[in-house]
Amino acid sequence: MNSAVKIMDTGFACLVEKLGIVDAERFVAMIKRDSFDYTIWQWEYFDKMDIEQISTEAAAYAQSHPHKGGGVRG
């Protein structure tokens, strides 16, 4: 399986796990229909936050989603 297919497969599995199959499909349809630009969304989302809030949320996320290894090294 090539890396692009693996990323898409893993991503959709995450959506299904969190949203369920129907809402995962709706999410994908909305992204495709709206020409969603993730980079612009990040700028707009994080621009509204101060550095302390970003740090606090990142730390909380890391605590609740510990790294289990398996990363790819180049």
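**Exercise 1. In which helix is V28 found?**

Solution. The structure is a predicted model, in which local features need pLDDT of at least 70 and side-chain atom pairs count only at pLDDT 80 or more, while totals for chains, interfaces and linings use all residues. Residues are numbered from 1 along each chain as its sequence is written, and side-chain values use heavy atoms, with hydrogens and water left out.

Step one is to place the residue: V28 belongs to helix α2, which covers residues 21-33. Helices here are DSSP runs of H or I with at least four residues, strands are runs of E with at least two, and both are numbered from the N terminus.

Step two is to look at its surroundings. Leaving aside residues up to four places away in sequence, V28 touches F12 and L15, where contact means heavy atoms within 4.5 Å. F12 and V28 are 16 residues apart in sequence, and their C-alpha atoms are 8.9 Å apart in space.

Step three is to ask about cover: V28 has a relative accessible area of 28% and is therefore partly exposed, given that buried means under 20%, exposed over 50% and partly exposed in between, with a 1.4 Å probe and protein chains only.

**Exercise 2. Describe the chain as a whole, together with the confidence of the model.**

Solution. Begin with the secondary structure, which comes to four helices and zero strands, so that the pattern read along the sequence is α-α-α-α.

Turn next to the surface. The chain has 74 residues, of which 3% count as buried, and its accessible surface comes to about 6,900 Å², with 60% belonging to carbon and sulfur atoms. These areas come from the Shrake-Rupley method with a 1.4 Å probe, and for residues only the protein chains shown count as cover.

Finish with pLDDT, the predictor's confidence in each residue from 0 to 100. Its mean over the chain is 84, and 89% of the residues reach 70 or more. Confidence is highest in helix α1 (residues 3-19), at a mean of 90, and lowest in α3, at 85. Where pLDDT is low, the predicted coordinates should not be read in detail.

**Exercise 3. How many salt bridges does the structure hold, and which side chains meet there?**

Solution. The structure holds one salt bridge, a term for a side-chain nitrogen of Lys or Arg within 4 Å of a carboxyl oxygen of Asp or Glu. The side chains that meet are those of D23 and R26, at 2.8 Å from N to O. Now consider their places in the helix: because D23 and R26 are three residues apart in helix α2, about one helical turn separates them. As for accessibility, D23 counts as partly exposed at 35%, whereas R26 is exposed at 52%.

**Exercise 4. Work out how the aromatic rings of helix α3 and its surroundings are arranged.**

Solution. A search of the whole structure finds three aromatic pairs. The rings of Y38 and W41 have centres 5.6 Å apart and planes at 25°, so this pair is stacked; rings of Phe, Tyr and Trp (its six-membered ring) pair if their centres lie within 6.5 Å, with planes under 30 degrees apart counted as stacked, over 60 as edge-to-face and the rest as tilted. Both Y38 and W41 lie in helix α3, three residues apart, which is about one turn of the helix.

A further pair, Y45 and F46, is edge-to-face, with 5.0 Å from centre to centre and 85° between the planes. Y38, W41, Y45 and F46 form one aromatic cluster.

The last step is the surface. Y38 is partly exposed at 48% relative accessibility, as are W41 at 35%, Y45 at 36% and F46 at 34%. Together with F36, the residues Y38, W41, Y45 and F46 make a nonpolar surface patch of about 490 Å². Patches are made of residues with over 30% relative accessible area and no salt bridge, where like charges are joined within 9 Å and nonpolar side chains (Val, Leu, Ile, Met, Phe, Trp, Tyr) within 5 Å.
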